[in-house]
Amino acid sequence: MAEVVFVDSEAAAGTLAAASIRALITRKPDTVLGLATGSTPLSVYAALAASLAENPMDVSRVRGFALDEYVGLPADHPESYRSVITRDAVVPIGLTPENIQVPNGDLATIETAGVDYEAAIRAAGGIDVQILGIGRTGHVGFNEPGSSFASITRIKTLAEKTRIDNARFFASPGDVPIHCMTQGLGTILRARHLILLAFGEEKADAIAAAVEGPITSSKPGSVIQLHPHVTVIVDEAAASRL
Ligand code: GLP
C-alpha cells in the first residue's frame, strides 16, 4: 500500500519531495534520479533548487534519467523532453548536463534506443528515486492504457487525449508528435522509490484508480500498487475521489 501524503499546495509538495531527495543525495552523492516532465514536478525541482541555493551541497555526481521523449522532434526543439528537462531541472538545480540521459527519440536509432536506455540505467546501478506525474488517461511516463506491467523502454503511440493535453506546448495540435519513447512500467517498477505527485481535480480519477483501483493495465498508474516503496503526494482536489 502506497503511503499517501496530503498537502495543501503544490509548493508544500515540492518542499516535501525535495527534502527527501536532498537527504538521499546526502547519503549517496551519486544518486540516480528518475526525472519526469510536465507541470506536476516543477515544484519539486524549484524547491530543490531553492534549498541548494540557500544551503549549497555538491550535486555534481548526481545522475539522472528522464522518463520519456517524443519521437521525431530534434533534441534541440524547445519542447523536446531533452530541452524541457534541461530547462526545468538540470539548469535550476545545477546538475551536470553530461550526467543526464533522455531516451533517444531519433528515428534513425529507434529500434535499439529502448534496449540501450535500459542498459544505461542498469550500468548506473538503477534509479534510486523516480519522480512521477500522472496523465488524465492514467498514464505514467507515456505508458498509456494497455501498457504491460513488464514493459521496458520502447516506442509507443500517444493517446489522443494526451496529445490534446500536450497541445498547449505546441503552436498547433497537429504539431504534437504521435509517437514517443518511454520507460516501461517494468522499468518504473525497478526504481527503488517512487514519488507520484498529482494536483487538481482533473487528476482525481487517475489518482483514485492508481491508489485504490484494481491493478490493471487499463489503468497504468495502478502499477504503483505492485511496488514496495511508493509515496503519493496529492492536494485535496487530486485526492477528492480516494
Ligand atoms: C506528460 C508526461 C508525463 C506526465 C503527464 C502529466 O505528457 N509524459 O510524464 O506525468 O503527462 O503532465 P502534467 O504534469 O503536465 O499534468
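# How do we know? A tour of a predicted model

Guide: Let's start at I127, which sits in the loop between α4 and β6. Those labels come from DSSP runs numbered from the N terminus: helices (H or I, at least four residues) and strands (E, at least two). What you're looking at is a predicted model, in which local features need pLDDT of at least 70, side-chain atom pairs count only at pLDDT 80 or more, and totals for chains, interfaces and linings use all residues. Residue numbers start from 1 along each chain, as its sequence is written.

Visitor: Why does I127 count as buried?

Guide: We count neighbours. A residue is buried if 20 or more other C-beta atoms lie within 10 Å of its own, exposed if 12 or fewer, and partly exposed in between, with the C-beta atoms placed from the backbone. I127 has 25 such neighbours inside 10 Å, so it counts as buried. Try another distance too: the C-alpha atoms of I127 and L194 are 9.6 Å apart in space, though the two are 67 residues apart in sequence.

Visitor: And A150, is that buried or exposed?

Guide: A150 is exposed, because there are 11 other C-beta atoms within 10 Å of its own. You'll find A150 in the loop between β6 and β7. From A150 to N166 it is 26 Å, C-alpha to C-alpha, with their positions 16 residues apart in sequence.

Visitor: How do you know how far helix α4 reaches?

Guide: Helix α4 covers residues 110-123, and from its first C-alpha to its last it spans 20 Å. The expected span is 1.5 Å times one less than the number of residues. For the 14 residues of α4 that gives 20 Å, and the computed reach is close to it.

Visitor: Which residues of α4 are buried?

Guide: A113, G114, Y117 and I121 are the buried ones in α4. They cover an arc of only 95° around the axis, which means they lie on the same side of α4. That arc is taken from the directions that lead from the helix axis to the C-beta atoms. There's a general reason behind such patterns: an α-helix has 3.6 residues a turn, so residues three or four places apart point the same way. The other side of α4 carries the exposed E111, T112, V115, A119, R122 and A123.

Visitor: What makes β9 "largely enclosed"?

Guide: In β9, 5 of the 6 residues are buried, so the rest of the structure largely encloses this strand. A198 lies in β9, which covers residues 193-198. A198 has 25 other C-beta atoms within 10 Å, so A198 is buried. Even so, A198 and G72 have their C-alpha atoms 28 Å apart, with 126 residues separating them along the chain.

Visitor: How do you know that β9 and β10 are joined?

Guide: Two strands pair if DSSP finds at least two bridges between them. Between β9 and β10 (residues 230-235) there are 5 bridges, and these strands run parallel. In one of these bridges, A198 has V234 of β10 as its partner. β6 (residues 129-132) also joins β9, through 4 bridges and again parallel, and here L132 stands opposite L196.

Visitor: What is the order of the 7 strands in the open sheet?

Guide: The order is β1-β10-β9-β6-β2-β3-β5, with parallel pairing. β1 (3-7) and β5 (100-101) are the edge strands, as each pairs on one side only. Further in, β2 (residues 32-35) and β3 (residues 63-66) are joined by 4 bridges, and V32 faces R63 of β3.

Visitor: What about the open sheet of 3 strands, what is its order?

Guide: That one goes β4-β8-β7, and its pairing is antiparallel. β4 (68-70) and β7 (154-157) are at the edges with a single partner strand each, so one side of each has no neighbour in the sheet. β7 and β8 (residues 179-182) share 4 bridges. K156 has C180 of β8 as its partner, and R154 has T182. On the β4 side, 3 bridges lead to β8, with E69 opposite M181.

Visitor: Last one: how many residues surround the ligand?

Guide: There are 14 of them, and G38, S39, T40, G133 and G135 are the closest. The test is whether a residue's C-beta atom, placed from the backbone, lies within 6 Å.
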